[in-house]
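Q: I have a structure open here and would like to talk it through piece by piece. Can we start with a single residue and work outwards?

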Amino acid sequence: MSVEVMEEEWLYSEEQVRALLEWVRGREGVERSVYPFMRVVAEQALRPGEARELRVSDVVLPERGLGKLTVRYSGKVREAPLRSQSVVLLRAWIGEAGLREDALLFPDLRGRSASTSVYQQVWEQAQEAVLLRDERYSWRLGEPISILRESCLVKWLGMGISPFTVAELAGVTPSWLALRYPHCFRVEDAEIDRDRLEAVMAFQSH
């Protein structure tokens with residue numbers, strides 16, 4: 001399996017993502033669906049194409065606790081938990097936009113699935129406006145919005161969430177994660193409990 005490596009320095013920190021999304025939220029003249037769309041991509045690690053095709057009926061938004069998101073991609077369906085912050089965001093967005101149960105969750109002004117170019121243009125404007133000069137690498141400014149998903153996946157791995165759980169939530173395999181983000185799987189700095197290791201590996205005679 002050939003997978004392109006995503007280098008650590010290409011990704012965004014949680015602080016950078018927050019600042020970029022705040023800029024998008026306060027930007028006048030931007031289609032209203034752009035901010036909730038980007039935030040869900042960033043928080044749920046969705047592929048942008050998955051988020052574009054979501055419908056209101058694909059989300060479960062309880063009054064308390066985690067919600068549920070049904071995602072479809074390449075003929076496969078997976079369910080993922082929605083954090084309470086995302087539940088609050090989406091409930092407010094659906095009410096504000098007056099979306100019906102069968103409507104797209106993030107429609108354009110005509111109720112259709114917004115084009116990738118619309119989101120990408122706003123994303124590039126946010127990068128130009130928010131990132132410091134030494135953070136605005138030429139390849140970063142042309143990076144697609146999917147970098148929000150990538151940064152979220154790496155954040156989850158860095159938090160110690162099992163690669164198997166992250167893979168299930170993202171709709172990929174654990175081996176894909178290891179190949180895509182090898183810096184998350186380096187063991188040179190890991191602390192090894194050598195006494196426990198010796199006990200586990202010891203031959204048990206009866």
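Q: Is Glu50 buried or exposed?
A: In this predicted model, Glu50 counts as buried, because its relative accessible area is 1%, and the cut-off for buried is under 20%.

Q: Where does Glu50 sit, then?
A: Glu50 belongs to helix H3, which covers residues 48-52.

Q: And which residues is Glu50 in contact with, leaving aside neighbours within four places in sequence?
A: With those neighbours set aside, the contacts of Glu50 are Val71, Arg72, Tyr73, Arg78 and Arg149.

Q: Arg72 caught my eye; what is its bridge partner in E3?
A: Arg72 has Val77 as its bridge partner in E3, and a further pair between these strands is Leu69 with Ala80. Strand E2, residues 67-73, pairs with E3 in the antiparallel sense over 7 bridges, and the hairpin they form has 2 residues between the strands, with Ser74 in the turn at a positive phi of about 50 degrees.

Q: What is the strand order in the sheet?
A: The sheet is open and has 3 strands in the order E1-E2-E3, with antiparallel pairing. Strand E1 (59-60) and strand E3 (76-82) each have a single partner strand, so they stand at the edges and one side of each is left without a neighbour in the sheet.

Q: How many bridges join E1 to E2?
A: E1 and E2 run antiparallel and are joined by 2 bridges, with Val60 standing opposite Lys68 in E2. Their hairpin has 6 residues between the strands, and Gly65 in that hairpin takes a positive phi near 80 degrees.

Q: Switching to helices, at what angle do H2 and H7 pack?
A: H2 and H7 pack at about 30 degrees with their axes 7 Å apart, and that angle makes H2 roughly parallel to H7, because angles under 35 degrees count as such.

Q: Which residues meet there?
A: From H2, Met38, Val41, Ala42, Glu43 and Gln44 meet Leu148, Arg149, Cys152 and Trp156 of H7; by class, the residues of this contact divide into 6 nonpolar, 1 polar and 2 charged.

Q: Last topic, the largest nonpolar core: which residues touch the most other members?
A: That core has 55 residues, and those touching the most other members are Phe37, Met38, Leu105, Phe106, Trp123 and Leu148. Elements that each supply at least two of its residues include helix H1 (14-25), helix H4 (84-97), E2 and E3.

Q: What is Phe106 in contact with, again without neighbours within four places in sequence?
A: Beyond those neighbours, the contacts of Phe106 include Pro36, Phe37, Val40, Leu54, Leu90, Trp93 and Tyr119.

Technical notes
Residues are numbered from 1 along each chain as its sequence is written. This is a predicted model: local features need pLDDT of at least 70, side-chain atom pairs count only at pLDDT 80 or more; totals for chains, interfaces and linings use all residues. Side-chain values use heavy atoms; hydrogens and water are left out. Two strands pair if DSSP finds at least two bridges between them. Helices (H or I, at least four residues) and strands (E, at least two) are DSSP runs, numbered from the N terminus. A nonpolar core is a set of buried Ala, Val, Leu, Ile, Met, Phe, Trp, Tyr and Cys residues joined through side-chain atoms within 4.5 Å. Buried means under 20% relative accessible area, exposed over 50%, partly exposed in between (1.4 Å probe, protein chains only). Contact means heavy atoms within 4.5 Å. Axes are lines fitted to C-alpha atoms, for helices over the stretch in contact, and angles run from 0 to 180 degrees between N-to-C directions. Angles under 35 degrees count as roughly parallel, over 145 as roughly antiparallel, 65 to 115 as roughly perpendicular and the rest as oblique. Ala, Val, Leu, Ile, Met, Phe, Trp, Tyr, Cys and Pro count as nonpolar, Asp, Glu, Lys and Arg as charged, and the others, Gly among them, as polar.
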